[in-house]
Amino acid sequence: MKKNFLIILILVFTFVTPATASSKTVLVFGDSLSANYGIAREAGWVALLTQRLQSEFADYQIINASISGETTLGGRNRIQQTLEKHHPEIIILELGANDGLRGAAIKSIYSNLAAIIEKCQQHNALVLLAGMQLPPNYGMTYTQKFQAIFPQLAENYKIKLVPFLLAGFGDKHEYFQADGIHPNEVAQKKIVENVWEVLYTMFKTKQVAATPKN
């Protein structure tokens with residue numbers, strides 16, 4: 001009799017207790033600029049953005065799927081598997097810098113990023129594209145065409161754009177590591193501000209369903 005009572009009690013709690021809602025996901029899909037190159041993980045802009053996001057919206061988490069050295073082609077090859085694994089609501093797409101530094105064809109950079117965006121949209125994920133710029137020593141024609149890729153994609157696919165991920169410090173040596181390419185710890189907070197300024201509007205304009213944290 002006691003055994004039957006315990007079974008009934010377990011069944012009652014199983015069906016009456018509400019399930020805890022799983023967190024929604026913002027996925028950062030980038031290269032070394034997002035993969036904590038040369039700095040502690042907790043000091044990187046993705047970790048800092050996680051703190052900012054969760055202080056505002058209780059039901060979101062951030063997953064960092066960035067890989068140092070990643071190119072747009074590499075991202076194109078792995079985006080499908082990444083989407084199927086994490087099912088993100090939003091993707092912060094931060095790729096293209098390595099292509100530009102290698103002098104890759106503008107057409108191929110655009111094509112690869114476009115394919116990634118299309119795949120994200122097929123999976124009903126909103127895309128926030130991080131714009132990049134190159135140093136002037138790559139030549140005015142190439143740097144201008146490279147910089148134009150990002151606003152063109154944003155306009156053509158109707159997605160949100162961070163005009164320049166390193167805005168506010170990209171030309172200041174004191175914000176970079178010894179290699180002169182990767183931002184240091186001090187710069188990470190500035191990157192967060194650049195991303196948050198646009199990401200927050202996606203929540204405030206109700207593009208994204210979110211529960212404000214009380």
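Begin by selecting Y60 and F203 in this predicted model, where you will find that Y60 is buried and that F203 is buried as well. With both side chains shown, look at how the two rings sit: their centres are 5.2 Å apart and their planes stand at 90°, so the pair counts as edge-to-face. Now colour the elements that carry these rings, since Y60 belongs to strand β2 (residues 60-64) and F203 to helix α7 (residues 185-204), so the pair ties together parts that are 143 residues apart in sequence.

Next, move to F169 and F176, which are both buried. Here the ring centres lie 5.7 Å apart with the planes at 40°, so this pair is tilted, given that planes over 60 degrees apart would count as edge-to-face and those under 30 as stacked.

Return to Y60 and F203 and add F57, W196 and Y200 to the selection, because ring pairs, which require centres within 6.5 Å, link these five residues into a cluster. By this rule, the count of aromatic pairs comes to 7.

Finally, leave the rings and display helix α3 (residues 72-86) together with helix α5 (residues 106-122), which pack at an angle of about 10° with their axes 9 Å apart. The two helices α3 and α5 are therefore roughly parallel to each other, as angles under 35 degrees are counted that way. To see the contact itself, select residues on the α3 side including L73, R76, I79 and L83, and on the α5 side including I109, L113, I116 and K119. Taken as a whole, the residues of the contact of α3 with α5 comprise 8 nonpolar, 6 polar and 2 charged.

Key:
Residues numbered from 1 in each chain as written. Predicted model: local features only at pLDDT ≥ 70, side-chain atom pairs only at ≥ 80, totals over all residues. Heavy atoms only, no water. Phe/Tyr/Trp six-rings, centres within 6.5 Å; stacked < 30°, edge-to-face > 60°. Helix = DSSP H or I, 4+ residues; strand = E, 2+ residues; numbered from the N terminus. Buried < 20%, exposed > 50% of the residue type's maximum accessible area, 1.4 Å probe, protein only. Axes fitted to C-alpha atoms, helices over the stretch in contact; angles between N-to-C directions. Parallel < 35°, antiparallel > 145°, perpendicular 65-115°, else oblique. Contact = heavy atoms within 4.5 Å. Nonpolar A, V, L, I, M, F, W, Y, C, P; charged D, E, K, R; others polar.
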